[in-house]
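Colleague: I have a model open and want to learn how to read it. Where do we start?

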Amino acid sequence: MSTVSGKAVLVTGANRGIGEAVVRELLARGAARVYAGTRRPLEHADERVVPLPLDVTDPGQIRAAAEAVESLDLLVNNAGLALLGDDLSDGAMLERHFAVNVFGTFGVTQAMLPALIASRGAVVTMLSTSSWANMPLLPGYSVSKAAAFSLTQGLRAHLAGRGVRVHAAIIGVVDTDMTAAFDVPKASPGAVAAAVLDGLERGEDEIFPDPASALIADAWRDGAFKAMEREYAALVAG
Ligand SMILES: NC(=O)c1ccc[n+]([C@@H]2O[C@H](COP(=O)([O-])OP(=O)(O)OC[C@H]3O[C@@H](n4cnc5c(N)ncnc54)[C@H](OP(=O)(O)O)[C@@H]3O)[C@@H](O)[C@H]2O)c1
């Protein structure tokens with residue numbers, strides 16, 4: 001069964017970068033409704049797009065978004081923050097990363113859970129190769145993405161018995177505003193968006209949507225850490 005065609009999807013950070021590309025790809029694949037969460041007002045030509053004011057650090061906006069969503073099959077936790085000039089000497093910077101990348105993701109996911117449980121839906125969170133190896137140009141960001149990966153594993157274990165699949169997109173460097181300062185090879189947002197949705201269709205726990213991240217896919221899937229995750233998850237399997 002398709003995870004997209006005819007389905008209702010919410011994308012956070014939907015106005016630019018990978019989020020905007022995911023919205024485009026969802027529409028091309030026949031999504032029935034795309035809730036586009038943004039911090040600034042958004043207008044969209046496609047009538048299937050429903051703009052939602054959604055700063056993921058704002059509990060009131062999260063609550064209002066959950067009330068506005070009639071039904072939901074897929075949540076795309078895409079909103080993310082990466083601050084330049086960080087060297088892990090400033091606790092306030094680390095807190096800002098966590099507020100968006102960890103607690104924002106957590107808050108939106110919790111708010112959307114009743115709808116996702118009702119639809120036996122899915123969550124995918126945009127994570128990073130820096131979830132697994134701290135990238136010292138963005139060290140606090142990397143710490144937060146590592147925490148968000150663990151959050152994803154924990155939610156996967158606890159939501160499996162309630163019929164909700166939880167996926168992680170492990171993404172390399174993509175050509176968006178977030179990486180404008182870095183002169184390295186970059187994947188295109190459109191290709192990454194398409195590959196994330198392909199990975200969802202295949203039911204992959206971890207999705208490796210670009211050439212750089214694909215290099216570690218086999219080592220992860222066949223490795224000791226994934227085996228350990230499954231072993232631990234069995235402790236709470238209903
Ligand atoms: N680009 C990469 O190389 C890369 C690699 C691995 C993972 N990722 C992840 O992929 C996701 C998208 O990244 P991107 O490259 O598209 O980033 P981007 O171009 O910097 O866009 C970030 C998006 O997140 C939104 N956002 C930031 N803080 C928010 C908040 N408090 N509430 C709601 N929305 C917020 C931004 O909204 P505003 O326009 O209002 O600021 C924007 O829509 C992020 O989670 C990122 O960590 C990206």
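Modeller: With the vocabulary. Helices and strands are DSSP runs, numbered from the N terminus. Keep in mind that this model is predicted. Now the case: leucine 235 sits in the segment after helix H8 (224-233).

Colleague: Is leucine 235 buried or exposed?

Modeller: Exposed means over 50% relative accessible area. Leucine 235 has 70% relative accessibility, so it counts as exposed.

Colleague: Which residues make the nonpolar surface patch?

Modeller: Leu235 is one of them, with Phe225, Met228, Tyr232 and Val236. The patch covers about 570 Å².

Colleague: Let's turn to the ligand. Which residues come nearest?

Modeller: There are 28 residues around the ligand. Asn15, Arg16, Tyr141, Val174 and Thr176 come nearest.

Colleague: What about polar contacts?

Modeller: Look for N or O atoms within 3.5 Å of each other. A backbone N or O atom of isoleucine 18 is 2.8 Å from a ligand oxygen. For lysine 145, an N or O atom of the side chain lies 3.0 Å from an oxygen of the ligand. Glycine 172 has a polar backbone atom 3.4 Å from a ligand oxygen.

Colleague: How much of the ligand's accessible area does the protein cover?

Modeller: The protein covers 96%. On its own, the ligand has 890 Å² of accessible area.

Colleague: Now the aromatic rings. What describes a pair?

Modeller: Two values: the distance of the centres and the angle of the planes. Here the count is 4 aromatic pairs.

Colleague: Why is the pair of tryptophan 132 and phenylalanine 149 edge-to-face?

Modeller: Planes over 60 degrees apart count as edge-to-face. These planes stand at 85 degrees, so the pair fits, with centres 5.3 Å apart. The pair links distant parts of the chain, 17 residues apart. Tryptophan 132 is in the loop between strand S5 (122-128) and helix H4 (139-159), and phenylalanine 149 is in H4.

Colleague: How do the two rate for exposure?

Modeller: Tryptophan 132 is partly exposed, at 29% relative accessible area. Phenylalanine 149 counts as buried, at 6%.

Colleague: And which pair does tryptophan 132 form with phenylalanine 208: what is its geometry?

Modeller: A tilted one: 6.0 Å centre to centre, with 55 degrees between the planes. The partners are 76 residues apart in the chain. Phenylalanine 208 lies in the loop between strand S7 (206-207) and helix H6 (211-214). At 11% relative accessibility, phenylalanine 208 counts as buried.

Colleague: Which residues do the ring pairs link into a cluster?

Modeller: Trp132, Phe149, Phe208 and Trp220.

How values were computed:
Residues are numbered from 1 along each chain as its sequence is written. This is a predicted model: local features need pLDDT of at least 70, side-chain atom pairs count only at pLDDT 80 or more; totals for chains, interfaces and linings use all residues. Side-chain values use heavy atoms; hydrogens and water are left out. Patches are made of residues with over 30% relative accessible area and no salt bridge: like charges are joined within 9 Å, nonpolar side chains (Val, Leu, Ile, Met, Phe, Trp, Tyr) within 5 Å. Accessible areas come from the Shrake-Rupley method with a 1.4 Å probe; for residues, only the protein chains shown count as cover. A salt bridge is a side-chain nitrogen of Lys or Arg within 4 Å of a carboxyl oxygen of Asp or Glu. Helices (H or I, at least four residues) and strands (E, at least two) are DSSP runs, numbered from the N terminus. Buried means under 20% relative accessible area, exposed over 50%, partly exposed in between (1.4 Å probe, protein chains only). A residue is near a molecule or strand if one of its heavy atoms lies within 4 Å of it. A polar contact is a pair of N or O atoms within 3.5 Å; within protein, one must be able to donate a hydrogen and the other to accept it, and residues adjacent in sequence count only if both atoms are side-chain atoms. Rings of Phe, Tyr and Trp (its six-membered ring) pair if their centres lie within 6.5 Å; planes under 30 degrees apart count as stacked, over 60 as edge-to-face and the rest as tilted.
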